[in-house]
Amino acid sequence: MKFRLNHNLLLLGLLMLTALVSCKEEEEEPMPDPNVIAATITLENVGANAYVVASISGDGATAITGEQNVAIGLRTGMRYRFVNNGGSGHPLEFLSSSNAVLLAQNNQTGTFENDDAVNFMVEGDNITFTLTTALAAELAKYRCSFHPGMLGAITISN
Ligand SMILES: [Cu+2]
C-alpha cells in the first residue's frame, strides 16, 4: 500500500513536469523560416562615390535612406535580399572587419557562399542570403568590388 502511494505520487509528479515543459515550449519564439525573406534593401549608387539605401521593405533591417554609405542594421537569423540597382557597374560584396570577402555578387569568391544555411543566391542585381550566427560573427561591412570608397558598415543585433 505504501509503495503504491509513492508510485502514484511519482506519476503525478511526472505528469506535472511534462505539463510544465510543454507549456514552456509553447511560449518560445518560433525560429524564422530560412525560405522567407524578412526584408529587402534596395541600393542605388551615387556615381562611383557611394551607395545609398533607396528603400527598405519588411522587418529586421534599418538604415537612413538617402544617406551616402550609411550603416545598415541587420538581425541574426533573418534572411535578406539586397537589390543592387546598377549592380553590374557596382557589384556588392560583404566583408569582415579585416576586409575578408564573405559574400560577393561578382566573381563569387566569398568564404560563406557555399554555406548551406546561408543559402547565398545571386540573380542579376538581387543578392539573397540568411544571416546565420556564424556569418553574423564575421560580417562588418558592405563595399563595391570596383570602388573601395563605396563602403559602409553593417551593424548586427540579435
Ligand atoms: Cu562601384
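The exercises below work through a predicted model of a chain with a copper ion, each with a stepwise solution.

Residues are numbered from 1 along each chain as its sequence is written, and side-chain values use heavy atoms, with hydrogens and water left out. Because the model is predicted, local features need pLDDT of at least 70 and side-chain atom pairs count only at pLDDT 80 or more, whereas totals for chains, interfaces and linings use all residues.

**Exercise 1. The chain as a whole**

Task: State how many helices and strands the chain has, and in what order the elements run.

Solution. Step 1: the chain has 2 helices and 10 strands, where helices (H or I, at least four residues) and strands (E, at least two) are DSSP runs numbered from the N terminus. Step 2: read from the N terminus on, the elements follow the order α-β-β-β-β-β-β-β-β-α-β-β. Step 3: of the 158 residues in the chain, 35% are buried, a class that means under 20% relative accessible area, with exposed being over 50% and partly exposed in between (1.4 Å probe, protein chains only). Step 4: among contacts between residues at least 6 apart in sequence, 51% join residues at least 24 apart, contact meaning heavy atoms within 4.5 Å.

**Exercise 2. The copper site**

Task: Identify which atoms coordinate the copper ion, and explain why the arrangement is classed as it is.

Solution. Step 1: the copper ion is coordinated by His90 (ND1), Cys144 (SG), His147 (ND1) and Met150 (SD), at 2.1 to 2.5 Å. Donors are N, O and S atoms within 2.8 Å of the metal (3.2 Å for Na, K and Ca), and since water is not among the atoms, sites may look incomplete. Step 2: along the chain these donors follow the spacing H-x53-C-x2-H-x2-M. Step 3: the 4 donor atoms subtend angles of 91 to 136° around the copper ion, and the arrangement is therefore irregular. The rule behind this is that four donors count as tetrahedral if all angles lie between 85 and 135 degrees; four count as square planar and six as octahedral if opposite donors are over 155 degrees apart and all others between 65 and 115; anything else is irregular. Step 4: Cys144 is buried, with a relative accessible area of 1%, whereas His147 is partly exposed at 23% relative accessibility.

**Exercise 3. The open sheet**

Task: Establish the strand order of the open sheet of 5 strands, and say which strands stand at its edges.

Solution. Step 1: the order is E3-E10-E9-E5-E6, with mixed pairing; two strands pair if DSSP finds at least two bridges between them. Step 2: strand E3 (72-75) and strand E6 (101-104) stand at the edges, each with a single partner strand, so one side of each has no neighbour in the sheet. Step 3: from one strand to the next the twist averages 25°, taken between axes that are lines fitted to C-alpha atoms, for helices over the stretch in contact, with angles running from 0 to 180 degrees between N-to-C directions. Step 4: E3 and strand E10 (residues 151-157) pair in the parallel sense over 4 bridges, and Gly73 stands opposite Thr155 in E10. Step 5: E9 and E10 pair in the antiparallel sense over 3 bridges, forming a hairpin with 6 residues between them, and Tyr142 stands opposite Gly152 in E10. Step 6: strand E5 (residues 92-96) runs antiparallel to strand E9 (residues 139-144), to which 5 bridges join it, and Leu95 stands opposite Lys141 in E9.

**Exercise 4. The surroundings of Gln105**

Task: Locate Gln105, decide whether Gln105 is buried or exposed, and list some of its contacts.

Solution. Step 1: Gln105 is found in the loop between E6 and strand E7 (121-123). Step 2: at 10% relative accessibility, Gln105 counts as buried. Step 3: its side chain reaches the backbone oxygen of Gly124 at 3.3 Å, a polar contact being a pair of N or O atoms within 3.5 Å, where within protein one must be able to donate a hydrogen and the other to accept it, and residues adjacent in sequence count only if both atoms are side-chain atoms. Step 4: leaving aside neighbours within four places in sequence, Gln105 is in contact with residues including His90, Pro91, Phe120 and Gly124; His90 is also one of the residues that coordinate the copper ion.
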